[in-house]
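Here are some notes to read with the model open beside you. Take the points one at a time and find each residue as you go.

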Amino acid sequence: MHIVLVEPEIPGNTGNIARLCAATGCHLHLVRPLGFSVGDKYLKRAGLDYWDLVDVHYYDSVYEVLEKYKDNAKFLLTTKAHKRYTEVCYEKDSLLIFGKETAGLPEKLRMEYEDCCVRIPMIAEARSLNLSNSVAIVAYEALRQQDDFAGLTV
């Protein structure tokens, strides 16, 4: 599974997501510009001592990721989608693509991949969930669909 963060802004969120990737074997893809330095103490603290277990890749554009993994299933997480994240079938090497904390994914990208957009249900009054919580929710659903967490200790 591939977790793609497009222009993440909060080091603590990215650190938490890196820790999730370390614990699950997911690959982490970070699309610049990042809202922090990769040496940021909050990023390191949130990821604890798991950084050596994380397969991290950096890109200058989300389109670089999409081109590199053009044959992989893609799921763009957005509050603007109509389909729930539980209504799709994830494949082993799916791309789970998340936008930055303050603005989500760019509208142009959402329009180009409209059929790939999914959402996490929530009450109408809520704008969104925390990014690291959203990644955890969707990543574990995608992993659950993969032969009941194959490769993870249960």
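1. Let's start with the lining of the largest pocket, in what is a predicted model. How do the residues of this lining divide into nonpolar, polar and charged? There are 9 nonpolar, 9 polar and 6 charged residues. The pocket itself holds about 490 Å³ of space. Altogether 24 residues line the largest pocket, and those closest to its centre are Thr79, Lys100, Gly104, Ser128 and Leu129. Try showing these five and looking at the space between them.

2. Now turn to the second largest pocket, with a volume of about 230 Å³. It is lined by 13 residues, and Met1, Thr24, Lys92, Leu143 and Ala150 are the closest to its centre. Its lining divides into 6 nonpolar, 5 polar and 2 charged residues. Keep Thr24 and Leu143 in mind, as both are on this list and you will meet them again in the helices below.

3. Helix 1 covers residues 11–24, which makes 14 residues. From its first C-alpha to its last it reaches 20 Å, close to the 20 Å expected at 1.5 Å a residue. Is the helix mostly covered or mostly open? It is mostly covered, with 10 of its 14 residues buried. The buried ones are Pro11, Asn13, Thr14, Gly15, Ile17, Ala18, Leu20, Cys21, Ala22 and Thr24. A general point helps in reading such a list: an α-helix has 3.6 residues a turn, so residues three or four places apart point the same way. Just after helix 1 comes Gly25, with a positive phi near 80°.

4. Helix 5 also deserves a look. It has 14 residues and reaches 20 Å between its first and last C-alpha, again close to the expected 20 Å. Its buried residues are Leu131, Ser132, Ser134, Val135, Val138, Ala139, Glu141, Ala142 and Leu143. What do the buried residues of helix 5 pack against? Their partners are strand 1, helix 1, strand 4 and strand 5.

5. These elements come together in the largest nonpolar core, which has 28 residues. Inside this core, Ile3, Leu5, Leu28, Leu96 and Phe98 have the most contacts. At least two core residues come from each of strand 1 (2–6), helix 1, strand 2 (27–31), strand 4 (74–77), strand 5 (95–98) and helix 5 (131–144). Which element gives the most to this core? Helix 5 does, with 6 residues. For a single residue to follow, pick Leu5: beyond its neighbours within four places in sequence, Leu5 is in contact with Thr14, Ile17, Leu28, His29, Leu30, Val31, Phe98, Leu131 and Val135. Another core, of 15 residues, lies apart from the largest one, and Tyr59, Val62, Leu66 and Ala81 are among its members.

6. Two places in the backbone are worth a second glance. Most residues other than glycine have a negative phi, and most peptide bonds are trans. Glu7, however, has a positive phi of about 55° although it is not a glycine. You will find Glu7 in the loop between strand 1 and helix 1. Glu7 counts as partly exposed because its relative accessible area is 25%, and that value falls between the 20% and 50% cut-offs. The other place is the peptide bond joining Arg32 and Pro33, which is cis, with omega about 5°. Pro33 sits in the loop between strand 2 and helix 2 (41–47).

7. Finally, visit three more loop residues. Lys70 is in the loop between helix 3 (62–68) and strand 4. Why does Lys70 count as exposed? Lys70 counts as exposed because its relative accessibility is 52%, and the cut-off for exposed is over 50%. Lys70 and His2 are 68 residues apart in sequence and 13 Å apart in space, C-alpha to C-alpha. Thr86, in the loop between strand 4 and strand 5, is partly exposed, with a relative accessible area of 41%. The C-alpha atoms of Thr86 and Leu76 are separated by 13 Å, with their places 10 residues apart along the chain. Glu114 lies in the loop between helix 4 (107–112) and strand 6 (117–118), and at 52% relative accessibility Glu114 is exposed. From Glu114 to Asp147 is 28 Å, C-alpha to C-alpha, for residues 33 apart in sequence.

Note on methods
Residues numbered from 1 in each chain as written. Predicted model: local features only at pLDDT ≥ 70, side-chain atom pairs only at ≥ 80, totals over all residues. Heavy atoms only, no water. Helix = DSSP H or I, 4+ residues; strand = E, 2+ residues; numbered from the N terminus. Expected span 1.5 Å × (residues − 1). Buried < 20%, exposed > 50% of the residue type's maximum accessible area, 1.4 Å probe, protein only. 1 Å grid on protein atoms, 1.4 Å probe; cavity = no way out; pocket = protein on both sides within 12 Å on 5 of 7 lines; lining within 4 Å. Points joined across faces, edges and corners; volume = space filled by probe spheres on them. Nonpolar A, V, L, I, M, F, W, Y, C, P; charged D, E, K, R; others polar. Core = buried A, V, L, I, M, F, W, Y, C linked by side-chain atoms within 4.5 Å. Contact = heavy atoms within 4.5 Å.
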